[in-house]
Amino acid sequence: GDSWGIFTFLCAALCNLPALPALNCSEELGAGQSIQQTYDLTRYLEHQLRTLAGTYLNYLGPPFNEPDFNPPRLARAERVPSATVDLDLWRGLTDNARLAANYRAYSRLLCYLRVLDGQVGTAELRHRLAHFCASLQGLVLSIGGVMSSLGYPLPAGPAGPPAGPPGAPAAPNDFLKKMDDFWLLKELQTWLWRSAKDFNRLKKKVPPAVVTLRLEARGF
């Protein structure tokens with residue numbers, strides 16, 4: 001009796017209030033989800049590269065498609081961003097420094113891959129390279145999104161590969177050109193392997209997205 005009457009009175013009072021704060025429930029995507037998406041994309045690219053590399057090395061022919069082929073890195077290959085950095089030194093960097101290094105490296109690697117895409121002789125391989133380039137472009141944008149969500153500025157400066165001397169050929173001969181391609185794929189494989197570990201550690205440091213309740217006052 002009395003309880004029902006009090007409840008009815010409160011409902012009537014609430015319905016007649018002209019301006020109540022509106023309760024807005026929204027999901028903050030935040031850095032956590034951005035990092036998770038970037039990690040997932042990195043792992044997808046690792047899988048995609050294994051198939052692409054096998055096909056491309058077969059296209060280059062022996063000795064590049066032989067399992068035990070492990071040539072020394074030539075001075076020419078130093079133009080490609082190297083992932084062969086001491087792991088303790090790499091882990092000692094700040095999150096900002098590692099993210100910036102990943103962003104710069106993939107931006108340059110993407111430029112080299114696009115050059116590669118314009119040089120291959122088979123339509124199937126061109127299609128696979130174009131698809132991989134599109135995915136890698138998505139990774140660059142995703143890393144940029146992670147940096148922005150964490151409040152880090154994007155690295156400044158040109159992202160493309162350094163230009164060679166005017167009039168100089170890309171490679172003195174066909175074998176060295178194939179060696180360039182071999183090292184490009186090898187370094188890309190190492191970058192993706194290490195980036196996956198980077199983003200896996202980073203997502204453990206950043207809390208996941210949460211659902212928050214916000215009061216939007218109107219009329220107060």
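Welcome to this structure, where helix 4 and helix 5 run roughly antiparallel to each other, because their axes cross at an angle over the 145 degrees that marks this arrangement. Please keep in mind that this is a predicted model. Besides this helix pair, the structure offers 7 salt bridges, and three of the pairs are introduced below.

**How helix 4 and helix 5 meet**

- Helix 4 covers residues 95-117 and helix 5 covers residues 123-149.
- The axes of the two helices come within 9 Å and cross at roughly 160 degrees.
- The crossing in which helix 4 passes helix 5 is left-handed.
- In the contact of helix 4 with helix 5, the residues divide into 18 nonpolar, 5 polar and 3 charged.

**A salt bridge between helix 4 and helix 6**

- Asp-95 and Lys-205 join their side chains in a salt bridge, with 2.7 Å from N to O.
- Asp-95 belongs to helix 4 and Lys-205 to helix 6 (residues 174-205), so this pair ties together parts that lie 110 residues apart in sequence.
- The two partners sit in contrasting surroundings: Asp-95 is buried, at 16% relative accessible area, whereas Lys-205 counts as exposed, at 54% relative accessibility.

**A salt bridge within helix 2**

- In helix 2 (residues 30-60), Arg-43 and Glu-46 are 3 residues apart, which means that about one helical turn separates them.
- Their side chains meet in a salt bridge, at 2.9 Å from N to O.
- Arg-43 counts as partly exposed, with 43% relative accessibility, while Glu-46 has a relative accessible area of 14% and is buried, because buried means under 20%.

**A salt bridge within helix 6, and a network**

- Helix 6 also holds Asp-174 and Lys-178, which are 4 residues apart and so separated by about one helical turn.
- The side chains of Asp-174 and Lys-178 form a salt bridge with an N to O distance of 3.5 Å, which fits the requirement of lying within 4 Å.
- Asp-174 is exposed, with a relative accessible area of 51%, and Lys-178 is partly exposed, with 22%.
- Elsewhere, salt bridges with shared partners link Asp-95, Arg-98 and Lys-205 into one network.

Terms used. Residues are numbered from 1 along each chain as its sequence is written. This is a predicted model: local features need pLDDT of at least 70, side-chain atom pairs count only at pLDDT 80 or more; totals for chains, interfaces and linings use all residues. Side-chain values use heavy atoms; hydrogens and water are left out. Axes are lines fitted to C-alpha atoms, for helices over the stretch in contact, and angles run from 0 to 180 degrees between N-to-C directions. Angles under 35 degrees count as roughly parallel, over 145 as roughly antiparallel, 65 to 115 as roughly perpendicular and the rest as oblique. A crossing is left-handed if the near helix is turned anticlockwise from the far one by less than a right angle, and right-handed if clockwise. Ala, Val, Leu, Ile, Met, Phe, Trp, Tyr, Cys and Pro count as nonpolar, Asp, Glu, Lys and Arg as charged, and the others, Gly among them, as polar. Buried means under 20% relative accessible area, exposed over 50%, partly exposed in between (1.4 Å probe, protein chains only).
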